[in-house]
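Colleague: I've got a few labels I'd like explained before I trust them. Could you put the model up and take me through the reasoning?

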Amino acid sequence: MDTTQSVVEKSAIRKVAIRLVPFVALMFFINYLDRTAISFAGPNGMNTDLALSAAQFGFASGVFFIGYILLEIPSNLALHKFGARRWLARIMVSWGIVSLLFTWVGNVEQLYILRFILGVAEAGFFPGAILFLSLWVPSRHRSKILALFYLAQPLTTVIGAPLAGLLIQQHGLFGLEGWRVMFFGVAIPAIIVGIIAWFYLADSPAKAKWLTAEEKTWLTGALEKEKKATTASNKHVSVRTVFGNGRVWMLSAIYFGFIYGLYALGFFLPTIIAGFEGIYGAKFDVLQKGLITAIPYLPAAFALYFWSKDATKRGVKTWHIALPALIGGLSIPLALFAGSPAATIAVITITAMSIFAALPNFWTVPTQFLTGAAAAAGIALINTVGNLAGFSAGYITGWLKDLTGSYTVPMFVVGGFMLLSSILMVVLSRSGKVSDGVPAEALDPAGAGHHAEP
């Protein structure tokens, strides 16, 4: 790679990282906060006001994913057809309007219906955002870009949990209960940012006014060269064949385990913290509970960043995904036997660090062998199966809690699914169906990037 090309490449990637990633990450931040707002509302008045059992709360948390699953693949194909700018903006405004309606939910049936419709409204956002960012940078830069994007998820809880606590404390504002004020407060930003996205985003490097002509030429050329190389070695992978592709289904199963752990923690951690008073006699106000909920996610953000930075340097390898899954699977049941609030949160922190360290690196694997519409369908299918875990984690965790009277069995189930993800990742790698990456320094001089063989 000559010096001029190196300068243009660095400048182009830096601009993408600065101009696009923070904004799409903000969209993701609002997205994750809106879908998990129910976890803060539940133990802070909603469960009492609506007379919800743990199983009903779990079902309400999880039914979101049924609506999401039904439209996720069609939504991602529509994004590929109509362009990310229009489609992501449309999705965001839609879910913001639905989120706003939670302010006035009156009973469990209405809660179920709104959670289902929220899933329909949000369908396709996350895989669409992953696909959108993947289409802006060559594969060797993808781990870094996706890691910066994924930082929004743990930071959602770091910032969002105390924010939710502050909003809940505004009990009586507009004549509403605190948890209703919280739903109102997290819905409005989705509508505003969705409108801004329509004007701010560009569908491709060629349409980006903030890139120089040289940067546009380099990015477009590198991406087109990579697309042709991947297409040539995977001619059989089309939208239709994605659904019969063993690699896609194996990755779907691996992702299922990660998401099961992610949402079991996301939906029930505030409830577990609220239970510290009965177990340990520890009393916390709403804001303190929000701050405690945030504790595991700040170290998780650091783990995500530095683990992905190592993956970018070395190339994403099997152990960048399998090792965190193993640690997370072993750690989460241990939280039940920690013996104090501080020790419990410390162990849960290890679990959160493990999940978030693996996720951005995981998403570099599908684009090793999928491009174009097949990539849109494949990423959406993987995320769809993951969202089945989102539904299962909420409902099964609540149902087992009601059945057994504690979170012991549900947390062992979470650990089991994460251990399975670790095992399957190793099996997939050893089968030769995906390959370990190579460090950026070892790429070919032409800068085409590394592609795994099918």
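Colleague: Why is Ala190 called buried?

Modeller: This is a predicted model, so take every value as computed. Buried means under 20% relative accessible area, and Ala190 has 0%, so it counts as buried.

Colleague: Where does Ala190 sit, and what does it touch?

Modeller: Ala190 is in helix H10. Leaving out neighbours within four places in sequence, Ala190 is in contact with Ile30, Asp34, Met92, Val93, Trp95 and Gly96. A contact here is heavy atoms within 4.5 Å. As for Phe28, its C-alpha is 9.9 Å from that of Ala190, with the two positions 162 residues apart in sequence.

Colleague: Ile192 belongs to H10 too. What makes Ile192 partly exposed?

Modeller: Partly exposed is the band between under 20% and over 50%. Ile192 has 46% relative accessibility, so that is the label it gets. Helix H10 covers residues 178-200, with Ile192 inside that run. From Ile192 to Tyr32 the C-alpha distance is 16 Å, across 160 residues of sequence.

Colleague: How do you know that Trp210 is buried?

Modeller: Same kind of check: the cut-off is under 20%, and Trp210 has 18% relative accessibility, so it counts as buried. Trp210 is in a loop, the one between H10 and helix H11 (213-233). Not counting residues up to four places away in sequence, Trp210 touches Lys15, Val16, Arg19, Leu20, Trp136 and Glu215. Phe258 is another matter: Trp210 and Phe258 are 48 residues apart in sequence and 36 Å apart in space, C-alpha to C-alpha.

Colleague: And what about Pro410, buried or exposed?

Modeller: Pro410 has a relative accessible area of 1%, and the limit is under 20%, so Pro410 is buried. Pro410 is in helix H20 (residues 408-430). Setting aside residues up to four places away in sequence, Pro410 touches Thr397, Leu400 and Lys401. Between Pro410 and Asp203 the C-alpha distance is 43 Å, with a sequence separation of 207 residues.

Colleague: Now the other end of the scale. Why is Ala51 called exposed?

Modeller: Exposed means over 50%, and Ala51 has a relative accessible area of 61%, so it qualifies. Ala51 is in the loop between helix H3 (46-49) and helix H4 (54-82). Its phi is near 55 degrees, a positive value in a residue other than glycine.

Colleague: What is the phi of Phe174, and what makes Phe174 exposed?

Modeller: Phi of Phe174 is near 60 degrees, and that is again a positive value in a residue other than glycine. With a relative accessible area of 63% against a cut-off of over 50%, Phe174 is exposed. Phe174 is in the loop between H9 and H10.

Colleague: On to helix pairs. Why is H9 called roughly antiparallel to H15?

Modeller: Helix H9 (residues 152-168) and helix H15 (residues 286-294) pack at an angle of about 170 degrees, their axes 8 Å apart. Over 145 degrees counts as roughly antiparallel, so H9 is roughly antiparallel to H15. The residues making the contact include Thr157, Val158 and Ala161 of H9 and Val286, Leu287 and Gly290 of H15. The residues of this contact split into nine nonpolar, four polar and no charged.

Colleague: What makes H8 roughly parallel to H9?

Modeller: The axes of helix H8 (residues 139-150) and H9 come within 5 Å and cross at roughly 15 degrees. Under 35 degrees counts as roughly parallel, so H8 is roughly parallel to H9. The contact is made by Leu148, Phe149 and Tyr150 of H8 with Ala152, Gln153 and Pro154 of H9. By class, those residues are five nonpolar, one polar and no charged.

Colleague: Last one, for the whole chain: how do you know that the radius of gyration agrees with a compact globule?

Modeller: For 454 residues, a compact globule would have a radius of gyration near 22 Å; the chain has 22 Å, so the two agree. The C-alpha atoms fill a box of roughly 65 × 45 × 40 Å along the principal axes. Buried residues make up 59% of the 454, and the secondary structure comes to 20 helices and zero strands. The accessible surface is about 17,100 Å², with 68% of it belonging to carbon and sulfur atoms.

Conventions
Residues numbered from 1 in each chain as written. Predicted model: local features only at pLDDT ≥ 70, side-chain atom pairs only at ≥ 80, totals over all residues. Heavy atoms only, no water. Axes fitted to C-alpha atoms, helices over the stretch in contact; angles between N-to-C directions. Helix = DSSP H or I, 4+ residues; strand = E, 2+ residues; numbered from the N terminus. Parallel < 35°, antiparallel > 145°, perpendicular 65-115°, else oblique. Nonpolar A, V, L, I, M, F, W, Y, C, P; charged D, E, K, R; others polar. Rg over C-alpha atoms; globule rule 2.2 N^0.38 Å. Buried < 20%, exposed > 50% of the residue type's maximum accessible area, 1.4 Å probe, protein only. Areas by Shrake-Rupley, 256 points an atom, 1.4 Å probe, with all protein chains shown as cover.
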